[in-house]
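Here is a friendly walk through one protein model, taking in a helix, some empty spaces and a few charged pairs. Please have the sequence and the structure open as you read.

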Amino acid sequence: MAALSIAYLERQRLFEIRTQRSSYLFGVNEKGTVQHLYWGEPVEASECDFLLKGRHHSSFDADVDRETEEFGGWGGSHYAEPGLKVEFGDGVRDLKLDYAGYELVGDDELKIRLADRHYAFRVDVHYKAYAEHDIIERFIRIRNEEALPVRIEQVMAAVWSIQALPEYRMTHVAGRWAGEYQLRSSILTEGKKTIESRRGFTGPHANPWFAIDDGRSDETNGRVWFGALGWSGNWKIVAEKSTFGHVRVVGGVNDFDGAFVIAPGETYTSPVFAGGFSSGGFGGMSRLLHGYERGHIFPARQPRKVLYNSWEATEFDVQAEEQIKLARHAAKLGVERFVVDDGWFGARNSDRAGLGDWQVNPRKFPNGLRALIDEVKGLGMEFGLWVEPESVNPDSDLYRNHPEWIYRFPTREGTQLRNQHLLNLGLPEVKAFVLGFMTELLSAYEIKFIKWDMNRSVTEPGTGEEGLPVWQKHVDHLYEIWAELRIRFPDVEFETCAGGGARIDLGILRYADQAWISDNTDARDRLAIQEGFSYAYSPSVMMCWVTESPNGFNGRSLPLSYRFHSSMMGGLGIGANIGKWTDEEMEEARGFVELYKDIRHVVLEGDLYRLEPLGRSNLAAYQYVSRDGLESVVFSFLQSQHFGAEERRLRLQGLEPGASYQVSLDGGEPIVRHGSTLMNAGYPLSLRGDYGSSMLRLKRL
């Protein structure tokens, strides 16, 4: 079988998208409608034309014949969540799309042309397949060739059809600030299950990713259909089960307060909605997504550098001399990047003032910012800064000069959240201001890293320029700014942050090198957050900090080893006040940093296996296997001790059964084990004490 094949079977009028381990089929029926037929394990497409048939129940259920449309609009007898809803210039709100041809681009891209039966209105449905990852990217492009404008009331990126299952279970994530990426699952009954954001960004309360199975899949077994939307503004994913047992998943830009007009001759292109199929359970799904992201979404960069961020040590009390002291301590630990967080600019002594005035505070840096940067560089580290370019305090020169730049309705004062307003980034002059000051900042100083934060949602969005609604224009301009900054400053790395993990999706991750997934830095809480994050997103972009014990969020005390083990499962950062650490703590931390540098290529580039997910038992364990299969790292965490030590045999995955491995636990004496023994009989593991942890390291001989 070829690695990848997109083909049109003319006699059967079938389209086939085949990846290494899946088939995706649809065809053109006798009514001229593009009908979805199959998605799952590989099949012979030529034998599936019998699926291309109509269905009928009664005149009250005439739409049953349209439940499997590959992409359809609202019109006629179609009552399901539509892919597209429009109003033509003459007031007609009925959309009838017929097949109008196709175009193949190479062997991995396909465009299906749809056209309205009466109006000069075209929809192109795009597909791009990634064979090795069993993933298909989809998006649509609409063109108005009418003489009058067309109002777009809802436009989705894709409609995914899940074939008949005895039961449907939907898995997704929910959460809140400091509690993002909490796994949730529910059985789909007749009706709609909607996850969405209407806050102007991706949001911490949900994330645009879903998985569907029959309710019996687990980490290693079962069929899973999944999708992830690349959009960092208002979004919506709707899973709808009909009374006839069919499930469609529709997703794209949220239609809430989002209608817009396409003028004659104009086009609109939706975000990309990637979908895939795994027969290897949720773990197989995650590894497919991670490989796709590393290979085709994330900017090509070196592995994450060990980072120190001074926020928790100083908060807003940023002073050059204190930062230098912290930098010297960080260098002793082997840190590679030193980052100054909020408080370095303007009159920024609290969150009540200064936001928007992006000039170095001369009182805090009497010798200028360059003096600190030179000190950091002299210690062998790169320098980074925190910024929040989209927000402004009322107490700032920027706001006093440009009060008209914020989101606000004319008759309203505008809500303040965290003592700040949000700039209307959709305005050309605001976009120019943000791009301008960022360019000036990065040109004036040798800055290698930017943490780009956003600490409030959109409120009172007002009205923007003509064209797309302000919700969409904000995101479009954000992407354009990041894209331009990456071109102008190719050596600068960027982190996406929004009050923690509220702006992480496959849209912003095309520009961001790493992601701050939560402001909650408690190592135990982080296990749950990181596990949920890993279902959809690769640990290679996930930043994790070692911070204080007891932790400021919940007062929990955890051993330094536990805190490091938890933070070594992604990009390692340190955020504690290391100036107060004892010599013993500094020496122990230095050892962990050195160890992390030795294994990070396995963690950041390898395949993740969730051996013991949280909640299944008293133990949680996660394994990383290098891409070449020569190395593996396993992190294990005991939540609490009952009746003595926790004795377990940990069955490993992803190893070569016939190979032998040198195995060492927490730096102890290595022993030799056979791959099949480690995978079948398991590795004998013993953890003691509340919040005990360990790191198992394997090298193939």
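## Helix α7

Helix α7 covers residues 470-488, 19 residues in total. From its first C-alpha to its last it reaches 27 Å, close to the 27 Å expected at 1.5 Å a residue; that expected span is 1.5 Å times one less than the number of residues. Helices (H or I, at least four residues) and strands (E, at least two) are DSSP runs, numbered from the N terminus. Many side chains here deserve a look: Val470, Trp471, Gln472, His474, Val475, His477, Leu478, Tyr479, Ile481, Trp482, Leu485 and Arg486 are buried. Buried means under 20% relative accessible area, exposed over 50%, and partly exposed in between, with a 1.4 Å probe and protein chains only.

A word on the model: it is predicted, so local features need pLDDT of at least 70 and side-chain atom pairs count only at pLDDT 80 or more, while totals for chains, interfaces and linings use all residues. Residues are numbered from 1 along each chain as its sequence is written, and side-chain values use heavy atoms, leaving out hydrogens and water.

## Two pockets

Rolling a probe the size of a water molecule over the atoms shows where empty space is left. The search runs on a 1 Å grid over the protein atoms alone: a cavity is a set of points where a 1.4 Å probe fits but cannot get out, and a pocket is an open set with protein on both sides within 12 Å along at least five of seven lines. Lining residues have an atom within 4 Å of a point. Points are joined across faces, edges and corners, and a volume is the space filled by probe spheres set on them.

The largest pocket has a volume of about 500 Å³. Its lining has 22 residues, with Trp177, Trp311, Glu312, Asp519 and Phe553 nearest the centre. By class, seven are nonpolar, six polar and nine charged. Here Ala, Val, Leu, Ile, Met, Phe, Trp, Tyr, Cys and Pro count as nonpolar, Asp, Glu, Lys and Arg as charged, and the others, Gly among them, as polar.

The second largest pocket holds about 350 Å³ and is lined by 17 residues. Strand β4 (34-40) and strand β10 (150-162) each supply at least two of them, and β4 gives the largest share, five residues.

## Closed spaces

How many cavities of 30 Å³ or more are there? The count comes to five. The largest cavity encloses about 60 Å³, and its lining includes Leu527, Gln530, Met569 and Tyr624. Helix α8 (523-536) contributes the most to this lining, with four residues.

## Charged pairs

Side chains of opposite charge can pair when their charged atoms come close. Counting a salt bridge as a side-chain nitrogen of Lys or Arg within 4 Å of a carboxyl oxygen of Asp or Glu, the model has 46.

In one of these, glutamate 390 meets arginine 503 at 2.6 Å, N to O. Glutamate 390 sits in the loop between β23 (382-387) and β24 (391-392) and arginine 503 in the loop between β27 (493-496) and β28 (514-516), so the pair ties together parts that are 113 residues apart in sequence. Both residues are buried.

Another bridge joins glutamate 594 to arginine 590 at 3.1 Å, N to O. The two are four residues apart in helix α10 (residues 583-605), which means about one helical turn separates them. Arginine 590 is partly exposed, at 31% relative accessibility.
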